[in-house]
Each structure stands twice: as C-alpha cells, then as structure tokens.
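Okay, let's get going. I've got one model to walk you through, and I'll put it up on the screen now.

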Amino acid sequence: MWTLVQTPPLPSPPCGVQNPYSSYRRRRISIAFGHSTGNSKSIKSIPRCNYNDSIQSFCKKGQLKEALQLLSQEPNPTQHTYELLILSCSEKHSFYDALTVHRKLIDDGFEQDSFLATKLINMFSNFDSIDHARQVFDKIYNRTIFIWNAFFRALTLAGHGVEVLDLYRHMNAIGIIPSDRFTYTYVLKACVVASIPKHKEIHAHIFRHGYHTHIHIMTTLIDVYARFGSVQNATCVFSQMPQKNMVSWSAMIACYAKNGKPLEAFDVFRDMMTHVLLPNSVTMVSVVQACAALGALEQGKLLHGYIIRNGLDSILPVLSALVTMYARCGALELGRRVFDQMGKRDVVAWNSMISSYGIHGFGAKAIETFREMIRHGVSPSPISFVSVLGACSHAGLVEEGKQLFDSMWKEHKIYPSVEHYACMVDLLGRANQLEEAAIIIQDMRIEPGPKVWGSLLGSCRIHCNVELAERASRRLFELEPTNAGNYVLLADIYAEAKMWDEVKQVRKLLEAKGLRKVSGCSMIEVKRKIYSLQSVDEINIQIEQIHALLLKLSMEMKQNGMYVPDTRIVLYDLEEEEKERILLGHSEKLAVAFGLINSSKGDPIRISKNLRLCEDCHSFTKLISKYTNREILVRDINRFHHFTNGVCSCGDYW
Ligand code: ZN
Ligand code: ZN
C-alpha cells in the first residue's frame, strides 16, 4: 500500500516573531511503501487545489465557520493557517471549534510543532481548560522556553501554583536556564498563588543569572515580597532598582498600603510626583487605599480632586476605592454620593458600599444594599457575603445573618469558605451565643483556620468565657505560634477573671517565645497633616501638654461622677493609681487630647486605631464628646465609633 509519511516539522521561531516558514507548506512529504503510521493518509487525498489562502482570509475576516468548512477539504494546511485558526477560535470564544482545530492539527502532523503548541496552550488557558493545555505540553518533546512559559502562565492563571513550582524545580534539574523574563515572573506569581514562600530562592536564581536589573522582574519581586509581608525586602529591591517605571512605583506604594504602612505609602507617592511621573489608575487605587487606612479625610478629598482633574473618575476600581475611603474616613454620606454617581457598578463597587454600611454599624442598610445589588442583576461574590455577614455582626443581626449564610449555597451556589465561617462565629460570639458558635466550628466541613478560632477567642474576650477561650487559644497557639495577639487576648481574659497566676504564665510564654505585644497606635489628621501617636509616646513635642490636658479632664470628670476608670483591662496586678496612669497613656486618648489642642472648635476629631478600642477608652471618649461638646469619630480595627453628646453610634456593641 502507498502511504504518505510525514517528517517532523521544522523548528519554530519564538512567539511574537515573524515566522519565516509560514509562507510555504512546512510538511515535507515522502512516499514510502508498506509503512502505515497513525499520521498517514491515503494518496487519493493529495490536493488538487490549495485552500490555505482562502482559510486565512476567512479567519482574518472573523468568518470561522467558513474557514473550518474549507479546512476539512484542505489536506495540507500550513502552520500559518493553523496559527490564524487558533487565534480565530480564541477571538470567537468557541471551545468546540478549538477542539476540532486541535484534532485536525494532530492529524496533519503538527503535534510536535513548538510554535503552534505555544499558541494552543495559550488558547486552552484562555478557555480555562488546563487539562487540554497540559495535554499539549505533555505530548511535545522539543520543548522551547516559550512552551514552558506558556504552560507556567496557564497553570498560574488556573491557580495551580504548586505544579508550577514542581515543574520549575524539574526544569532546573534537567539544566534548562530561563532565557527570558517571563519564566521568573510566572514562577514568582506561582509562589503567591500556592502560598509557598519560595520567592527568596527564586530571587537568588534571578541574581545568579543576571536578571536583577530587569525592571519587570524586579517589580514582580516587590509585589511578591509585599504579598508575603516582607516590606523590608521589597523596600530593598525597590531602592536598588537602576530604573523605575510607573508600575514599580505603584507596586511599592501598594506594598506599604497593604502592609499597614500608609504613611510610608504616602511618602513614596509624594516622591513619585517629584519624579514627574503622572500616576495612573492602579497607583491611585493604592494611594486612596493608604488614605483610607490613615483615615485622613482632607488628604482623601485632595486625592479625589486630583482624580477628577486627571480624568480617572470614570474608572470603576478608582471609584470603588473612593467609596471605601470616604466610609473609612468617617464620611459615609460622601462615599454614598460617589456610589450614586457611578454610571455602571460592578460587584466590587456594591461590595464597597455594603462593607461601608457595615463598619458604620448600619446592618439593615447593608442588607438592603445587598438585596438591591441582586435586583440590579449583579451576582454576589464570596466577598459580598463577607461584607454583608460582617455588617450583620457589627449590628447584632443574628437571624438575618443566619438566613444569608444559608442562602449562600442554596440560592447562589457559593460554598462558604473559612472567611464566611469566621464571620458566623463572630456574629454568634458577639451576640453571646458562644456555645452555638463552638458547634458551628465543630460541624465545619473544612479545616477551621486561625481566622475562625481567632473570631471565637475575640468573642470570649467580650463575654469573658475562660473555658472556651482556653480551647480556642490551644488551637491558635498550634496554628500561629508567633502571633502575639492571641497570647495577649488570652491574658486579657484571665486578667478580667482576676486569674493573675494564669496571666503571669501567659506573659512568661510570650516572653519565652521572644514575642512582643503590638503597641497601640492612633492616627489623627489635623489641618491636612497626619500625626501618629503611640501609647507611651515620647516623640510628640506636645506630649507634656497632652498629658496635662488628659489628667485635668479625667480629674474633672471623676470629681463630678461622670468617669470611673475601667482598670479591669490592665494586664498587671498593680495598684489602682498605677493602673489609671497606664489607662491614660492609651494612644487613642492621646490622639483625642492632641485633636482638642490643635483643631478648631466645632471641627470633628477623626482618629483611626490599629487595635480594638478598649472599654475604658470607649467610655472615656463618650464622656469627652459630651464634656467638651465635640464630635469624635474613631475607627478601630473592627468598625466605626461615632461619639456625639456622650453616646456612641455602636450602642456599646463592638
Ligand atoms: Zn484604651
Ligand atoms: Zn462605640
């Protein structure tokens, strides 16, 4: 029998490079006798005419169906024909046609064509079909760096970070050294996707192979260090970059903003502006987020003005960040105004509004907004549920929260994650339904991580439940052995129960591990400048004046019977007087006094704090708002407290 036997295709050029072979048919055909292979076909099908030009022309005009009809009649399609067909399937989002093209391509002997394999992997990745991408990768012998990169990209996008790291290890083992920037970029991103901190090792490889001055790789590295909380390393990489572009400046700003260093984020932003680089929308989102973290309303308004002047006020992520910023700076109504003026709203915008109501304690409003979103045809995301359940928790809406939690899977096919369980435990725990919260944890189908146990411990702190607190902290000490906050919470609970021996034991444990309690820090904006006050502050030049004012106010309020210091929360077994002195040194009280001294009468005082507001500071600030006739807004780690005339908007529930 006469058969056609195909020789392997010629090596292909890198993707993006003009293909020198595509203009003529690459498959050379030889005639052999009696050897039938899988890729063979009958001699009868030798073409009488060449449809390649017509197929390519149909592809370019977007007529995929017509192109495919001709493909079935063309026995010898060229590489360029397949390249255009693959592109066309991607553009038309036609997965079924993509499979047809892939099958025909194999039949025509292009399976080992590395140029087309790269295109195929990218196409299947765009169709979210990692299995088909893997099939292409597995089948090819002559793997170029472009194929590796395409597959790394596909795996990273599909969330298969571990597989990327395994393959990268294999790649190193067989002696393949990345010869372009993309490999390192994808492998670094895979570390984040897999939550595996291998980035330092990869940083070393980058250095060794001379890519440490490459702007794109270094920017990705800043981003990855930021994601793993290594701000110092990110700063180091940034400072050593010989050249920086807008993306690298943005990455550094985002690194500070997301790692609790909003002041530094602002400094880098100012520095960037002196380099005459105009920020883009990505930078603005980070800067607005930093502003939100600081609670700096006046700075936020300036940024909003800048955004409008530079035409960035139609970009959804920027507007959503503004909604959140205004809410987190205590100006909920300004945030709502931005939200109302948005022409189009995506789920992120709705989530911003829902969580804004949540942190201000308007639980019913948050639920109403959540329902409004669904009426507008926007499907809730997992974050929508975190926002709305959080809002229920701050407002004590237990029944509503339970119903929403139930609806997650039943109505929206969203499977509850650890975050959602943590919200439920928080909701029940705060409402003093601690036993029910413990049952929820027991019945969880996924491993309750530190977030869930942390929520339970936090609730035990509010209701002083020693037994459950011990259970939760045992798990937390195993899961997060270096988180000082957990030890401090347990010690707080023991102190409130006057179990001083246990307090001492926990403190010893803390010291033995070399851990230190996170010190309280409050930020306040006065006349467009941001000040940070630490508990036991010795840097502030007005500290003497602040202490004197606090002492005077507390004496006066004690004398007229308004204020009784809540010394239960002081962790040490000390004299009452000493405990009172410690309480007066809390950073939020220093910030209130600083605000009273430096702002004009009638101006609200806005403070943001890095920890939960303690009971004593809460009642003290309530009284101050009445005694000095000032509106005081304090945002703690959980929510907003709006103090006016001796009352707080949280209704003492936080
Ligand atoms: Zn306090
Ligand atoms: Zn409050």
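In what sense do strand S6 and strand S7 pair, and over how many bridges? Keep in mind that this is a predicted model. The answer is antiparallel, over 4 bridges, with S6 at residues 632–635 and S7 at residues 640–644. If you want a register to hang on to, take Val-634, whose bridge partner in S7 is His-641. The two strands make a hairpin, with 4 residues between them.

Then S7 pairs again, this time with strand S8, residues 647–648, also in the antiparallel sense, over 2 bridges. Here Thr-644 has Val-647 as its bridge partner in S8. That's another hairpin, with 2 residues between S7 and S8, and in the turn Asn-645 has a positive phi of about 45 degrees.

Okay, on to the metal. The zinc ion, ligand 1, has three protein donors: His-586 through ND1, Cys-614 through SG and Cys-617 through SG, at 2.1 to 2.3 Å. Along the sequence the spacing reads H-x27-C-x2-C. His-586 sits in the loop between helix H30 and helix H31, while Cys-617 is in helix H32, 31 residues apart, so the pair links distant parts of the chain. Are those two buried or exposed? His-586 counts as buried at 18% relative accessibility, because the cut-off is under 20%. Cys-617 counts as buried too, at 0%.

Last stop, helix H6, residues 130–139. Its buried residues are Ile-130, Ala-133, Arg-134, Val-136 and Phe-137. They span an arc of only 160 degrees around the axis, so they lie on the same side of H6. What covers them includes helices H4, H5, H7 and H8.

Conventions: Residues are numbered from 1 along each chain as its sequence is written. Chains are lettered from A and ligands numbered from 1 in the order in which they are written. This is a predicted model: local features need pLDDT of at least 70, side-chain atom pairs count only at pLDDT 80 or more; totals for chains, interfaces and linings use all residues. Side-chain values use heavy atoms; hydrogens and water are left out. Two strands pair if DSSP finds at least two bridges between them. Buried means under 20% relative accessible area, exposed over 50%, partly exposed in between (1.4 Å probe, protein chains only). The arc is that of the directions from the helix axis to the C-beta atoms. Contact means heavy atoms within 4.5 Å. Donors are N, O and S atoms within 2.8 Å of the metal (3.2 Å for Na, K and Ca); water is not among the atoms, so sites may look incomplete.
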